[in-house]
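Hi everyone, thanks for making the time. I'd like to walk you through one structure today, so please have a look at it before I start talking.

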Amino acid sequence: MKVINYISILTILAFVTSCGGESGGELEEKKAKLESLRSESNALKAEMRELESEISALDPSFGKNENNIVLVSATPVAKGAFEHKVEIRGAVQSRKNVMMSAETMGKIEQIKVKEGQNVSKGQVLLVLNSDIIANNIQEIETQLELAEIVFKRQSNLWDKNIGTEIQYLESKNAVESLQRRLKTLESQRAQAVLRAPFSGSIDEIPVNEGEMASMGMPLIRIVKPDDMYIQADVSEAYIGKFESGDKVTVYFPSLDKEVSTKVLSVSQVINSQNRTFNIEVALPPVDFTVKPNQVVVMTLRDYFTEEAFVVPTNVIQSDDKGTFVYQLTQSDDALKAHKLHVKTGLTYNSKTELVGGISGSEKIIHQGFRELTDGVEVKLAGTQLGLN
């Protein structure tokens with residue numbers, strides 16, 4: 001096997017590179033020679049690595065020096081609190097977001113408000129034509145006036161034992177019947193006048209004056225911004241994870257704003273269509289504009305334990321036997337790294353709970369672990385001490 005003096009090669013390389021200032025044909029010649037030497041150097045390094053591997057297989061003590069020991073940092077595994085949170089998409093809702101519809105037929109005679117206008121409870125918003133009903137009311141009022149006169153006279157006669165009981169009852173019934181008909185017509189006339197059910201703001205008016213309104217036709221949307229909350233549909237996989245009073249962080253993506261609040265209620269019924277249940281979250285007073293149907297992202301805690309073995313997620317690796325971490329062990333007078341196969345639980349915020357394969361007395365290597373193999377000798381970095 002051909003042996004090349006590695007130190008001589010490095011000396012030649014240094015000499016060649018120092019002559020970089022020369023010009024002409026000599027410069028090109030030196031560059032070519034340098035490239036040739038580099039190729040020979042790479043071949044030498046590969047040959048040296050192969051020889052070291054062969055010698056180590058024949059002599060395990062070969063190469064056991066400070067330069068071959070991996071520098072690591074380790075930390076004891078102790079029980080501590082661990083939580084897991086989930087993000088759920090929701091939307092702002094209003095308990096007073098009402099699209100008012102027509103209760104009777106009629107032409108839209110007057111629209112007394114505009115979109116964006118603030119209104120008070122009971123304020124007239126829209127009026128339908130009710131001329132026919134008004135005429136009917138006048139007719140009934142005239143009939144009622146006569147019926148009351150007849151009844152009064154018949155009653156006076158009855159008190160004097162004049163006339164029959166049937167005449168008295170018929171006159172009384174005529175008055176009462178007309179009074180009920182008049183009340184019905186007045187109710188119908190009232191339905192032609194749309195009034196605000198609560199104080200709020202006019203959000204939408206999808207109709208115009210002169211249009212014909214039919215029963216159930218949308219006329220005006222009124223919203224009260226102060227009475228809003230957040231609603232979300234949650235997968236049934238989270239049944240039992242949330243309850244009223246739980247803390248929630250709500251993020252408004254469109255505004256880049258975040259508020260803290262709590263869960264108001266958790267539905268007890270699963271939606272058969274999408275296999276979700278509903279949760280409602282309070283919307284606290286905010287100093288920015290929030291509107292119904294605005295999208296939000298809620299962060300809720302679905303798991304918490306005060307006693308958990310937690311390690312940084314990045315130290316967990318996998319092999320054909322499963323997941324493992326490297327633990328620091330004492331072997332004779334040397335510190336070594338050995339694989340510790342573990343069972344992992346939930347992961348959150350770059351930390352993972354270990355739920356099996358660990359007792360709590362181990363020291364887990366958290367720096368330098370990527371350079372390790374099972375059983376390799378290690379040295380603790382800095383002022384860290386070995387195992388007791």
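Let's begin with strand β4, residues 106–111, and strand β6, residues 124–128: they pair in the antiparallel sense over three bridges. Strands pair here if DSSP finds at least two bridges between them. Helices and strands are themselves DSSP runs, numbered from the N terminus: H or I with at least four residues for a helix, E with at least two for a strand. If you want one position to click on, take Ile-111, whose bridge partner in β6 is Leu-126.

A word on what you are looking at: this is a predicted model, where local features need pLDDT of at least 70, side-chain atom pairs count only at pLDDT 80 or more, and totals for chains, interfaces and linings use all residues. Residues are numbered from 1 along each chain as its sequence is written, and side-chain values use heavy atoms, with hydrogens and water left out.

Back to β4 and β6. They belong to an open sheet of four strands, in the order β7-β6-β4-β9, with antiparallel pairing. The edges are β7 (193–195) and β9 (212–213), and each of those pairs on one side only.

Zooming out for a moment, the protein has four helices and 22 strands. Of its 388 residues, 31% count as buried; buried means under 20% relative accessible area, exposed means over 50%, and partly exposed is in between, using a 1.4 Å probe and protein chains only. Among contacts with a separation of 6 or more, 71% are between residues 24 or more positions apart, where contact means heavy atoms within 4.5 Å.

Now, which strands does β15 pair with? I'll name three of them: β2, with twelve bridges, β12, with four, and β20, also with four. Strand β15 covers residues 295–312 and runs antiparallel to β2, residues 79–94. In that pair, Gly-90 stands opposite Val-296. Strand β12, residues 247–252, is antiparallel to β15 as well, and there Tyr-251 has Val-297 as its bridge partner. The pairing with β20, residues 351–356, is antiparallel too, with Pro-312 matched to Lys-351.

While we are in this part of the chain, let me point out Gly-345, in strand β19 (343–348). Is Gly-345 buried or partly exposed? It counts as partly exposed because its relative accessibility is 32%. Leaving out residues up to four places away in sequence, Gly-345 touches Thr-352, Glu-353 and Val-355. The C-alpha atoms of Gly-345 and Ala-308 are 9.9 Å apart, and these residues are 37 apart along the chain.

On to the helices. Helix α3, residues 131–159, has 29 residues and reaches 42 Å from first C-alpha to last, close to the 42 Å expected at 1.5 Å a residue. That expected span is 1.5 Å times one less than the number of residues. Helix α4 has 27 residues and reaches 40 Å, close to an expected 39 Å.

What do the buried residues of α3 pack against? They pack against α4, residues 165–191, and the buried residues of α4 pack against α3 in turn. On the α3 side, the buried residues include Ile-133, Ile-137, Ile-140, Leu-144 and Ala-147. Remember that an α-helix has 3.6 residues a turn, so residues three or four places apart point the same way. On the α4 side, Tyr-168, Ser-171, Val-175, Leu-178, Leu-182 and Leu-185 are buried.

One residue of α3 deserves its own slide: Gln-154. It counts as buried because its relative accessible area is 13%. Beyond residues up to four places away in sequence, Gln-154 touches Ile-162, Thr-164, Gln-167, Tyr-168 and Ser-171. Just after α3, Asn-161 takes a positive phi of about 60 degrees.

That's my tour, and I'm happy to take questions!
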